[in-house]
Amino acid sequence: MQAYHLACARDDAAKRKLAVPSGVWVCDHCEEALLELHALREHVRTQHAYI
């Protein structure tokens with residue numbers, strides 16, 4: 001279902017001549033979407049680290 005929504009969003013963006021990133025990273029803990037793997041790692045480290 002998520003792949004379907006992403007495909008529809010990319011098709012819609014293409015029709016509007018907008019650039020869409022090819023990869024999106026999603027946090028397993030809170031489902032926040034990030035555009036770079038480094039940003040995902042930083043997010044997990046700062047938001048979901050257990051001390």
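Q: How many disulfides does a search of the whole structure find?
A: Zero, in this predicted model.

Q: Why do Cys27 and Cys30 not count as a disulfide?
A: A disulfide needs two cysteine sulfur atoms within 2.5 Å. The sulfur of Cys27 has its closest cysteine sulfur in Cys30, at 3.9 Å. That is too far for a bond, so the pair is not a disulfide. Seen from Cys30, the closest cysteine sulfur is that of Cys27, again 3.9 Å away.

Q: Is Cys27 called buried or exposed, and why?
A: Buried means under 20% relative accessible area. Cys27 has 2%, so it is buried.

Q: Why is Cys30 called partly exposed?
A: The partly exposed class lies between the 20% and 50% cut-offs. Cys30 has 36% relative accessibility, so it falls in that class.

Q: What makes His48 count as buried?
A: Its relative accessibility is 18%. The cut-off is under 20%, so His48 counts as buried. His48 lies in the segment after α2.

Q: Which residues is His48 in contact with, leaving aside neighbours within four places in sequence?
A: They are Cys27, His29, Cys30 and His43. Contact here means heavy atoms within 4.5 Å.

Q: What makes the pair His48 and His43 a polar contact?
A: The limit for a pair of N or O atoms is 3.5 Å. The side chains of His48 and His43 make their contact at 3.2 Å. That value is within the limit, so the distance condition is met.

Q: How many salt bridges does the search of the whole structure find?
A: It finds one. Glu42 forms a salt bridge with Arg45.

Q: Why is the pair Glu42 and Arg45 called a salt bridge?
A: Side chains of opposite charge can pair when their charged atoms come close. The rule asks for a side-chain nitrogen of Lys or Arg within 4 Å of a carboxyl oxygen of Asp or Glu. In Glu42 and Arg45, the closest N and O atoms are 2.6 Å apart. That is within 4 Å, so the pair qualifies.

Q: Where do Glu42 and Arg45 lie?
A: Both are in helix α2, residues 37-47. They are three residues apart, about one turn of the helix.

Q: Why are Glu42 and Arg45 put in separate exposure classes?
A: Exposed means over 50%. Arg45 reaches 53%, so it counts as exposed. Glu42 has 32%, so it counts as partly exposed.

Q: What makes Val24 eligible for a patch?
A: Patch residues need over 30% relative accessible area and no salt bridge. Val24 has 34%, so it passes the area cut-off. Val24 also counts as partly exposed. Its place is the loop between α1 (2-15) and β1 (25-26).

Q: Which residues form the nonpolar patch on the surface?
A: Val24, Val26 and Leu35 form it. Together they have about 240 Å² of accessible area.

Q: What is said of phi in Glu31?
A: Phi is near 65°. This is a positive value in a residue other than glycine. Glu31 lies in the loop between β1 and β2 (33-34).

Q: Why is Glu31 called exposed?
A: Its relative accessibility is 65%. The cut-off is over 50%, so Glu31 counts as exposed.

Q: What elements does the chain have, and how do they run?
A: The chain has two helices and two strands. From the N terminus on, they run α-β-β-α.

Q: What share of the chain is buried?
A: Buried residues make up 12% of the 51 residues.

Methods:
Residues numbered from 1 in each chain as written. Predicted model: local features only at pLDDT ≥ 70, side-chain atom pairs only at ≥ 80, totals over all residues. Heavy atoms only, no water. Patch = residues over 30% accessible without salt bridge, like charges linked within 9 Å, V, L, I, M, F, W, Y side chains within 5 Å. Areas by Shrake-Rupley, 256 points an atom, 1.4 Å probe, with all protein chains shown as cover. Helix = DSSP H or I, 4+ residues; strand = E, 2+ residues; numbered from the N terminus. Buried < 20%, exposed > 50% of the residue type's maximum accessible area, 1.4 Å probe, protein only. Polar contact = N/O pair within 3.5 Å; in protein donor to acceptor, adjacent residues only side chain to side chain.
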